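Visitor: I am new to reading protein models and would like some help. Could you take me through one, feature by feature?

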Amino acid sequence: MNSLRVAVVGYGTVARALAGTLAELEPRLREERGVAIVFTAALTRRHGGWFHPQGLSPEALHSSGWPGPALPPGAKAFTGPALEFIAACEADVMVELTPLSPLDGEPARSHLEAALLRGMHAVTGNKGPIAHALAPLRSLARARGRQLRFEATVMDGAPLFNLRERCLPGTRVVRVRGVLNSTSSHVSERLAHGDSLEVAVRDAQRLGIAETDPAHDLDGWDSAVKAAVLANALMDGHLRPQDVRRQGCGGEALKDMVSGVPPGTHVRQLVEIDHTPTGAVQASVRVAALKPGSFLASLRGMETAVTLSTDTMQELTIVEGEGGPGQTAFGLITDLLEVALARSAHPA
């Protein structure tokens with residue numbers, strides 16, 4: 001049995017979904033993949049953290065009800081900053097799930113660097129450090145003989161980066177086009193049905209897809225960070241979110257465009273990534289009226305999709321229905337299984 005010890009930095013909604021989903025899948029993963037995952041450490045900003053020398057099964061952690069006032073059974077409390085936590089924990093892989101900082105990717109970037117320097121593999125659902133520092137983080141991981149994985153950063157658990165890595169050998173992605181922000185899509189749909197912008201935003205918040213301050217979504221920053229991740233990971237670009245052009249974004253601009261298009265036309269935040277005439281990678285996010293009959297115009301509600309134009313398989317499109325913490329958790333699980341596979345193939 002390939003046992004994988006996991007430490008989590010940022011134990012919030014997605015981390016709880018990770019423990020719960022692993023608890024459900026554990027018998028299947030043991031039987032089909034020969035992998036047993038245990039949690040040896042976890043840290044939250046609000047509740048502090050803990051270490052567990054033997055490790056907790058996903059079921060034990062999930063049923064403990066942590067984070068809360070009581071530690072999981074057998075755990076030893078930790079109080080201190082995240083970098084000290086990473087330096088002290090005993091794990092094979094660190095899962096980084098702290099909140100997104102779109103302008104610099106911190107502190108998640110420093111957390112990933114510290115884990116790799118410590119000799120741990122690194123898995124993240126935080127797109128910030130991948131958008132800002134994929135190249136140096138990859139270089140560090142290779143130098144240390146460790147894995148850096150980030151499937152859950154775009155489109156939750158949809159097999160996007162693993163598809164490129166595992167199923168498209170020798171293939172170049174020459175263009176990317178997609179609708180990647182479910183909040184703006186949902187708000188657009190509600191506006192088209194006659195809701196005010198305020199009511200549409202409140203409905204997105206009620207559904208749990210929009211933050212208390214939805215500006216990152218409506219102003220295009222969430223899509224810009226995802227565009228930078230896609231450009232850098234799939235097309236060897238060197239973009240930061242600040243390099244992604246944002247055109248016509250914002251709640252008022254979205255409302256104005258929805259009110260000015262013919263009935264049946266779908267308005268979405270459209271991500272486009274391609275090359276300049278000199279061969280450099282460029283990316284943009286713009287509010288666009290999608291032509292009826294086009295594939296992206298057929299998306300409904302909170303559906304997201306991305307189309308990869310390639311030099312071997314022409315166009316490949318991945319569609320995700322309503323995403324959520326469970327789907328994001330599954331993306332993390334696929335990365336943990338890839339780490340386990342790499343460890344069994346190349347034991348330390």
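Visitor: Let me start with one residue: is His-132 buried or exposed?

Guide: First, a word on what we have here. This is a predicted model, where local features need pLDDT of at least 70, side-chain atom pairs count only at pLDDT 80 or more, and totals for chains, interfaces and linings use all residues. Residues are numbered from 1 along each chain as its sequence is written, and side-chain values use heavy atoms, with hydrogens and water left out. As for burial, a residue is buried under 20% relative accessible area, exposed over 50%, and partly exposed in between (1.4 Å probe, protein chains only). His-132 has a relative accessible area of 17%, so it is buried.

Visitor: In which helix does His-132 lie?

Guide: Helices (H or I, at least four residues) and strands (E, at least two) are DSSP runs, numbered from the N terminus. His-132 belongs to helix H5, residues 127-144.

Visitor: Which residues does His-132 touch, not counting those up to four places away in sequence?

Guide: Contact means heavy atoms within 4.5 Å. By that rule, the residues touching His-132 include Pro-102, Leu-103, Asp-104 and Arg-240. With Asp-104 there is some detail to look at: its backbone nitrogen lies 3.4 Å from a polar atom of the His-132 side chain.

Visitor: Now for rings. How many aromatic pairs does a search of the whole structure find?

Guide: The rule uses rings of Phe, Tyr and Trp (its six-membered ring), which pair if their centres lie within 6.5 Å; planes under 30 degrees apart count as stacked, over 60 as edge-to-face and the rest as tilted. The search finds six such pairs. One of them is Tyr-11 with Trp-66, a tilted pair at 5.1 Å centre to centre and 55° between the planes. Tyr-11 sits in the loop between strand S1 (2-9) and helix H1 (13-33), and Trp-66 in the loop between helix H2 (58-64) and strand S4 (76-78), so the pair ties together parts that are 55 residues apart in sequence. Tyr-11 and Trp-66 are both buried. Together with Trp-50, they form one aromatic cluster.

Visitor: What about Phe-51 and Phe-78: how do their rings sit?

Guide: They are tilted as well, with 5.4 Å centre to centre and 50° between the planes. Phe-51 is in strand S3 (residues 48-56) and Phe-78 in strand S4, 27 residues apart, and the pair links these distant parts of the chain. Both Phe-51 and Phe-78 are buried.

Visitor: And charges? How many salt bridges does the structure hold?

Guide: Side chains of opposite charge can pair when their charged atoms come close. A salt bridge is a side-chain nitrogen of Lys or Arg within 4 Å of a carboxyl oxygen of Asp or Glu. The structure holds 18 of them. Take Arg-5 and Asp-92, whose closest N and O atoms are 3.1 Å apart. Arg-5 lies in strand S1 and Asp-92 in the loop between helix H3 (82-88) and strand S5 (93-96), so this bridge ties together parts that are 87 residues apart in sequence. Arg-5 counts as partly exposed at 32% relative accessibility, while Asp-92 counts as buried at 12%.

Visitor: How far apart in sequence are Lys-226 and Asp-222?

Guide: These two form a salt bridge with closest N and O atoms 3.0 Å apart. They are four residues apart in helix H10 (residues 221-235), which means about one helical turn separates them.

Technical notes: A polar contact is a pair of N or O atoms within 3.5 Å; within protein, one must be able to donate a hydrogen and the other to accept it, and residues adjacent in sequence count only if both atoms are side-chain atoms.
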